[in-house]
Amino acid sequence: MKKTVKEYIQSIYPQDEMLDKVKAGIIKKGMPNISISPGFGRLLSMLVKLSGAKQVLEIGALGGYSGICLARELGKDGNIISLELKQEYADVAKKHLAEAGLGDLVEYRIGDAKDSLVQLEKEERKFDFFFIDADKENYPLYLEWALKLGNPGAIIAADNTLMRGRTYDESIDSPAVQAVRRFNEQLAQDDRLQSTLLPAFDGISLAMIK
Ligand code: DHB
Ligand code: MG
């Protein structure tokens, strides 16, 4: 049988037992099976390493899959703050990071990300790397916050910016779709950013604060 591109790529990489375990744990808990693709995970690990980022802000933890990818190349002197709406998801993510030996690198903040972001500003926290993968309606707001809390040169990565094609299907007009369109347009047009939108997986947006 002819392989799909996904099967082909999967076939050439070694099994990642830790991440397979995380995926299984997420399914077992009945959480949505919407972790990032393995290829996006590898890209996040590479970007953290390439950028030398030390202070990372993740918006949307789910079960810790992306958290592990971000933490793996961070080094012991790095730190991730991960914002998660649901306590039960953060508990699962925390357990998975601990099992991966990365638990000391991550601090979970539970509740509406908007409130946590206000709090981070009060604490005068600054970040070198942002990973946005939470409620799509608030992507434009999360981008504003990244611009506010980002150090010069900070990387912004976002998942699902093509929304399985809905983003560029003009017959669709939901609040989430409108919000992601605004996010994409700002990423493309804001003079403070250098960016690209890759048509990989469900749409990967990458930007750098100038
Ligand atoms: C979906 C996928 C995601 O990665 C996400 O963050 C939210 C929703 C989805 O396919 O519905
Ligand atoms: Mg996602």
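Q: How are the donor residues of the magnesium ion (ligand 2) spaced in sequence?
A: Keep in mind that this is a predicted model. Along the chain, the donor residues of that ion follow the pattern D-x25-D-N.

Q: Which protein atoms are the donors of the magnesium ion (ligand 2)?
A: Look for Asp133 (OD), Asp159 (OD) and Asn160 (OD1), which sit 2.0 to 2.1 Å from the ion. Asp133 is in the loop between β4 (127–132) and α7 (139–149), while Asp159 is in the loop between β5 (150–158) and α8 (175–189), so the pair ties together parts that are 26 residues apart in sequence.

Q: Are Asp133 and Asp159 buried or exposed?
A: Asp133 is buried, and Asp159 is buried too.

Q: Let's try a helix. How do I read which way its residues point?
A: Here's the general idea: an α-helix has 3.6 residues a turn, so residues three or four places apart point the same way. Now take helix α2, residues 17–28. Its buried residues are Met18, Leu19, Val22, Gly25 and Ile26. Viewed down the axis of α2, they fall within an arc of 115°, so they line one face of the helix.

Q: What covers the buried residues of α2?
A: The cover includes α4 (65–72) and α5 (87–99). Over on the other side of α2, you'll find Glu17, Ile27 and Lys28 exposed.

Q: How far does α2 reach from its first C-alpha to its last?
A: Its 12 residues reach 16 Å, close to the 16 Å expected at 1.5 Å a residue.

Q: What phi does Gly30 take just after α2?
A: Gly30 takes a positive phi there, about 75°.

Methods
Residues are numbered from 1 along each chain as its sequence is written. Chains are lettered from A and ligands numbered from 1 in the order in which they are written. This is a predicted model: local features need pLDDT of at least 70, side-chain atom pairs count only at pLDDT 80 or more; totals for chains, interfaces and linings use all residues. Side-chain values use heavy atoms; hydrogens and water are left out. Helices (H or I, at least four residues) and strands (E, at least two) are DSSP runs, numbered from the N terminus. The expected span of a helix is 1.5 Å times one less than its number of residues. Buried means under 20% relative accessible area, exposed over 50%, partly exposed in between (1.4 Å probe, protein chains only). The arc is that of the directions from the helix axis to the C-beta atoms. Contact means heavy atoms within 4.5 Å. Donors are N, O and S atoms within 2.8 Å of the metal (3.2 Å for Na, K and Ca); water is not among the atoms, so sites may look incomplete.
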